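Reader: Please take a close look at one part of this model, the buried interior, and describe what is packed there.

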Amino acid sequence: MATPDQKSPNVLLQNLCCRILGRSEADVAQQFQYAVRVIGSNFAPTVERDEFLVAEKIKKELIRQRREADAALFSELHRKLHSQGVLKNKWSILYLLLSLSEDPRKQPNKALPRDAHSTPYYYARPQTLPLNYQDRSTQSAQSAGSMGSSGVSSISVYALNGPTPTPQSLLPGQPHHTPGVGDGLRQQLGARLAWTLTANQPSSQTTTSKGLPNAVSRNMTRPRREGDVGGAAEVTEAALVRDILYVFQGIDGKNIKMSSAENCYKVEAKANLSRSLRDTAVRLAELGWLHNKIRKYTDQRSLDRSFGLVGQSFCAALHQELKEYYRLLSVLHSQLQLEDDQGVNLGLESSLTLRRLLVWTYDPKIRLKTLAALVDHCQGRKGGELASAVHAYTKTGDPYVRSLVQHILSLVSHPVLSFLYRWIYDGELEDTYHEFFVASDPAVKTDRLWQDKYTLRKSMIPSFITMDQSRKVLLIGKSINFLHQVCHDQTPTAKMIAVTKSADSPQDDLFTDLENAFRGKIDAAYFETSKYLLDVLSKKYSLLDHMQAVRRYLLLGQGDFIRHLMDLLKPELVRPATTLYQHNLTGILETAVRATNAQFDSPEILKRLDVRLLEVSPGDTGWDVFSLDYHVDGPIATVFTRECMSHYLRVFNFLWRAKRMEYILTDIRKGHMCNAKLLRNMPEFSGVLHHGHILASEMVHFIHQMQYYITFEVLECSWDELWNKVQQAQDLDHIIAAHEGFLDTIISRCLLDADSRALLNQLRAVFDQIIELQNTQDAIYRAALGELQRRLQFEEKRKQREVEGRWGVTAAEEEEESKRIQEFRESIPKMCSQLRILTHFYQGIVQQFLVLLTTSSDESLRFLSFRLDFNEHYEAREPRLRVSLGSRGRRGSHT
């Protein structure tokens, strides 16, 4: 392994000198010291940092040396070098290799021109460009230092027939000046074009290569300008150049003016111009039209305060680009002024011509076209919608346009991301102009904070933020505000979220690591905040305990409590509903709690359990209006909303009625067993008992199957699914959604939704027949027991008289007794008829109920129909049921 000293820059530099010169370390000491001074100096390169141009020059040099195979190998190696991120300054390495390959004995006049590179404009970000160029002329020594962010003015100058010539090649008589390292004028002008144009100008005191004065040369090559003798009617190119420079700023020239009718710049028809000059001038004038379009938009929107911070940032970005454009125009104006002062002809290489303006404004025109397209696309947009419109233009294959739009997007999205970071880290929302995609309704009260106060403005969601991310952003801030305002938890956000804030430079996330850093911050804040909120609800407010309590009491899960409560309430609930008093029912409820396992629940739960009387209708009994209630408030009311509690009351009413049917049938069965023994001395009454027993058995089977379906297939399965979802929930919305899904499931499968209204009506009709059976049977038993009592009294009276030594009964009494017995026996067919009619009605209702079940879309309801008619008793009586069940059975066998 190499020691640290062997990896130091000094050792590596000395080894490089030895390798290049092929000498020992002692022999290269002088060159090594010189190399150290060069590296430690502030010299800047005199060429543009264009890796592509250097690579192309190396390939051309290899081809010139007839080394085509090496050129191909170099291209392949250069491509592989680009695919790896080991080296950062690839341009410097290639330029060093190119410089080392040159013969030092040749004249160094073949170096890369200062601004020669692959395209007329370099689109790198300005803050990464080390623009500390040295001056080439003592009269106009000013280097380019980028002041803007995109550098519209930083274009390259190309001569029409090749690279820009050096001042020495233009005017051989001009003395050469060595560039000064510490020149203080390098920070005056911030564009490379300024250096190029001024460095290429000949001195006013310099003569031409043939020793002729400048005035003679000017007269020989310069075309006639306006005012020259014999050329008054002809518009010269110099005049067009001056007009074009004004048009670039949106000012009408002498010969080029804005046409309001056609909305474009047009050359005056009376101007005496060749067609080529006219077409070139019109092409150049497009730049002024683009400038006017952008300037008009920024002037209008900059004064509009309702445009918001995002809109103002967009206008600021456009102003910044226009500022760079104005710097270009100032350089062009200074060049034109310098030509006029020095009297330079248009024929010289350094003069301004229309063709040169076409070349120099090529890239600025592309940029202004892009900005104008953005202006058109962003009309009428603001906030996140405006950021989305700008972001859409980054989806382009042109790297230079993408670089421009990304820079504008970084400025435009800064307010949006500032809003976002403040929302997810502090829960604060100061969106005066409604630009952020999270909206707040101040009129909403605290108890509805989670449901209604904060919503998403979908139109304002930036396209670089997905819908899932925006939902998480909404939940983060909503959770923070919910903790502070509803849970009264004042824990600082920094303790909830162990994430570093990066609101200082949020725009960097968009382009450096959007997939990980930007998304990672949202995900981290979401998980931490949601976990903290669920912990508070579970530990401090016992949310899960309350869910189980609602399940036990409102959904009749606490069986011993419900049964004992029903026993205690029976004397009260058989009375008319108008005679009930809530305080009496509340006392009975407390008695039932103390007598069952409900007493072991926490006091917090028991104090919320209460009795509620529903709205009374004429003829209602206590059974129809009685209901248990569970009071919720505070944070748990966010899960158990008023709508949810109303659903619970509907389900409780249904379950309570079904439980009452089971209770009634239990009493009927007990009555059968007791009265069958009592009435066995009345053999004529056995037929009535048999009819009642058969009908009651049918009803018991029906109710048992319904109770099994409701208890196990509906409540238990739905509750198990709810509990699993609650345990796996990542945020409060997941719990609320799972709870609402649970309620929707039991509402629909308990036949309480709108689609099951017909089924529910039939089921209630079945319940009514059960109550009717109880009333009919009670009346029959009363009559039978009364007859039995009278018969026993008659026998007792007869025996008593026989004991006393008298006749047991007289003929009149015996006749009266026989007559009464005969009347009773005649009433028995009427009792059997009542039971048969009741049986007929009941079976008809059940058959209709089964038909509706078999045609239901819910599979569990169809299976319920099979269990209710397991022996095909009803199928044999109802043809529609037989067809429906048979067809479904055949379909099931084929599948």
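Author: What follows describes the nonpolar cores and then two buried residues. The model is predicted. Its largest nonpolar core has 198 residues. Within this core, Phe561 and Phe685 have the most contacts. Helix 27, which spans residues 686–728, gives the most to this core, contributing 16 residues. Around Phe561, once neighbours within four places in sequence are left aside, the contacts are Tyr553, Leu589, Ala592, Val593, Thr596, Ala598, Leu609 and Leu628. Another core, of nine residues, lies apart from the largest one. Val54, Ala71, Trp91 and Leu98 are among the residues of that other core.

Turning to a charged residue, Lys478 sits in helix 17, which covers residues 467–485. Lys478 is buried but has no salt bridge. Asp733 is the nearest side chain of opposite charge, 4.1 Å away from Lys478. That distance leaves the pair without a salt bridge because the cut-off is 4 Å between a side-chain nitrogen of Lys or Arg and a carboxyl oxygen of Asp or Glu. Asp733 is nevertheless in contact with Lys478, as are Trp423, Leu449, Trp450 and Tyr454, again leaving aside neighbours within four places in sequence.

A further buried residue is Thr370, found in helix 13, residues 362–377. Thr370 has a relative accessible area of 9%, and it counts as buried because the limit is under 20%. Beyond its neighbours within four places in sequence, Thr370 is in contact with Val401, Leu404 and Val405.

Conventions. Residues numbered from 1 in each chain as written. Predicted model: local features only at pLDDT ≥ 70, side-chain atom pairs only at ≥ 80, totals over all residues. Heavy atoms only, no water. Core = buried A, V, L, I, M, F, W, Y, C linked by side-chain atoms within 4.5 Å. Buried < 20%, exposed > 50% of the residue type's maximum accessible area, 1.4 Å probe, protein only. Helix = DSSP H or I, 4+ residues; strand = E, 2+ residues; numbered from the N terminus. Contact = heavy atoms within 4.5 Å. Lys, Arg positive; Asp, Glu negative; His and termini not counted.
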